[in-house]
Amino acid sequence: MKLIRALILCGLAIVITVPVAQAQSAGKKVTYADIQPILKENCMACHRPGEIAPMSLLTYEEVRPWARSVRKEVRRKSMPPWHADPNYSEFRNDISLSKEQIQLIIDWVDGGAQRGNPADIPPPPEFVEGWQLTNILGREPDVILHMQEEYAVPGTGEDLNLSFEIPTDFKRDYWVIASEVRGNPRVVHHNTATVRGPEGDRDRTGRLSSAVPGKLYDLFGPEAAKLIKAGSTIVFGMHYHPYGKVEKDRSKIGLWFARDAFEYRMHSSVVADPKLRIPPGQRAYLSAGEYTFDEDSEITAMKPHMHYRGNDMEYKVVFPDGREQILLYVPEYDFNWQTNYELKNPVFVPAGSKMIVTAHFDNSPTNPWNPDPEVEVRWGSDSRDEMMEGWFDFRRVLKEKVDPKDLVLKPGEFDHIKPPVGSDEE
Ligand code: HEC
């Protein structure tokens, strides 16, 4: 299938303002041609075959039967999933719709969800099935690593949290500008891939990639990259959700390496409150934590993580001179969506700055997601327990510049890494 470079500006990457006023001001009926660009920018990355959404919305024929439902979801802002308060930062992956865009969709549906003149409808975007990042970067991953064994997820029972080790077999160090994990979407609720160094060490940059609902990949480059040292192991932290029948999963990770010189080294860290104890019935339990930057850094992204009782989360930087800046506020956290909020302009924080993360949990019976308001809730990876984790990514200027000559891949460099029998890459 052909690559569409326009997708670099599409998918979950960058939002383009659509000239919505045209159709209305001309007094003509809103047709599919007017709303297709909105769906293309804000919906199709998920609503296409093989992705997490339950139905494909690539063509008029596919969208038409869902028109009422689309109207309902965009009107109450549950689609597209985006939960950041717009008052604080701008995000490069903001997929939320403007008031005008929402109104245009409502007008289209109320006017009979008409196709209009087929000649006016832009061709549906062509996606390369498989890696989201192939559509964005325009190239396949440099190397793909699979779980060593297939895992059969039982059809019933509790959710499973398991970890799987994948030795990289890397003979030298590599710098990663982007990574994506994929598995069987029917049973994989999420997967957090981390790197364990050759000495068994897990450094701060350890989190490599994660796939959680609403977050599809990690893109650091081209100006920044994460280091994977020779002999490292990648650890998949899988959260499986039974699907009603036994389903097999062999998750994999695709890695895209730096090809050109880059300026920054990427790091990830987290503010957590593992000592939290939420009393039964409590409506707004406060939990907070902080992280101090010991070197000059630039914050690039934030990903709040809580479970069913998570209500809201705020990320605030306190600079050494006492100045404060809220970077992200998620007023109505929704466990179903674990968005990574990528700052449009990374925020510089000098050494000594603090990242303060504050969250509230709702353990009252009025929280419709609350599995049990009668219990005291503690830290745990089971969804019925809680987590208060404010993940964030930051980058630092590379101390020793990487020589672009060292980034060139030799033909057959990964020939010793064989895709497993029966996999798509075999
Ligand atoms: C990040 C991925 C993602 C994006 C972007 C996204 N959706 Fe969804 N959508 C989903 C998933 C997953 C579901 C099913 C789970 C749910 O209903 O919450 C869903 C459900 C829906 C439903 C309800 C389907 C039903 O069963 O009733 C509608 C309608 C919908 N989306 C429309 C849209 C529209 C319109 C947009 C863009 C304006 C959009 N979505 C953007 C992932 C996405």
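Two strands count as paired here if DSSP finds at least two bridges between them. Keep that in mind while we walk through this predicted model, starting with a pair that clears the bar. Strand β5, residues 188-196, runs antiparallel to β6 and is joined to it by four bridges. If you want a spot to zoom in on, find A193, which sits opposite S209 in β6. Strand β6 itself covers residues 207-211, and five of its five residues are buried, so this strand is mostly covered.

Now zoom out to the whole chain. The domain assignment splits the protein into domain 1 (5-129), domain 2 (132-262) and domain 3 (268-396). Domains 2 and 3 touch each other: 17 residues of domain 2 are in contact with 19 residues of domain 3. Their centres, taken over C-alpha atoms, lie 23 Å apart.

Next, the metal. Which protein atoms hold the iron atom of the ligand? They are NE2 of H47 and SD of M79, at 2.0 to 2.3 Å from the iron. Six donor atoms surround the iron in an octahedral site, with angles of 84 to 179° among them. The two protein donors bring together distant parts of the chain, as they are 32 residues apart. H47 comes from the loop between α2 (32-42) and α3 (60-63), whereas M79 comes from the loop between α4 (67-75) and α5 (99-110). Are these two donors buried or partly exposed? H47 has a relative accessible area of 9%, so it counts as buried. M79 comes out at 28% and is therefore partly exposed, since buried means under 20% and exposed means over 50%.

Stay with M79 for a moment, because its peptide bond to P80 is cis, with omega near -15°. Most peptide bonds are trans. P80 lies in the loop between α4 and α5. Just after α4 there is another backbone feature to look at: K77 takes a positive phi of about 60°.

Helix α4 is worth a look too. Its buried residues are A67, V70, R71, E73 and V74, and α3 and α5 are among the elements that cover them. Take E73 as an example. This residue of α4 has 18% relative accessibility, so it counts as buried. Setting aside residues up to four places away in sequence, E73 touches S78 and the iron donor M79. Between the C-alpha atoms of E73 and I102 there are 9.9 Å, with 29 residues separating the two along the chain.

What about α2, the helix that precedes the H47 loop? Of its 11 residues, 10 are buried, so α2 is largely enclosed by the rest of the structure. The buried set is Y32, A33, D34, I35, Q36, I38, L39, K40, E41 and N42. Two of these residues, A33 and Q36, are in contact with P122, leaving aside that proline's neighbours within four places in sequence. P122 is found in the loop between α5 and α6 (132-137). With 28% relative accessibility, P122 counts as partly exposed. Its C-alpha atom is 23 Å from that of G50, and the two are 72 residues apart along the chain.

The loop between α5 and α6 also holds A113. This residue has a positive phi of about 45° although it is not a glycine. Most residues other than glycine have a negative phi. A113 has a relative accessible area of 2%, so it is buried. D169 also has a positive phi, near 60°, and is not a glycine either. You'll find D169 in the loop between β3 (160-167) and β4 (174-182). At 41% relative accessibility, D169 counts as partly exposed.

Let's finish with a sheet. Four strands make an open sheet in the order β14-β19-β16-β17, with antiparallel pairing. Its edges are β14 (285-292) and β17 (324-330), each of which pairs on one side only. On average, neighbouring strands are turned by 15° against each other, direction ignored. Strand β16, residues 310-318, is joined to β17 by six bridges. Within that antiparallel pair, V317 has Q325 of β17 as its bridge partner. As you follow the sheet, remember that side chains in a regular strand alternate between the two faces.

Definitions and conventions: Residues are numbered from 1 along each chain as its sequence is written. This is a predicted model: local features need pLDDT of at least 70, side-chain atom pairs count only at pLDDT 80 or more; totals for chains, interfaces and linings use all residues. Side-chain values use heavy atoms; hydrogens and water are left out. Donors are N, O and S atoms within 2.8 Å of the metal (3.2 Å for Na, K and Ca); water is not among the atoms, so sites may look incomplete. Four donors count as tetrahedral if all angles lie between 85 and 135 degrees; four count as square planar and six as octahedral if opposite donors are over 155 degrees apart and all others between 65 and 115; anything else is irregular. Buried means under 20% relative accessible area, exposed over 50%, partly exposed in between (1.4 Å probe, protein chains only). Axes are lines fitted to C-alpha atoms, for helices over the stretch in contact, and angles run from 0 to 180 degrees between N-to-C directions. Domain bounds come from an automatic or database domain assignment. Contact means heavy atoms within 4.5 Å.
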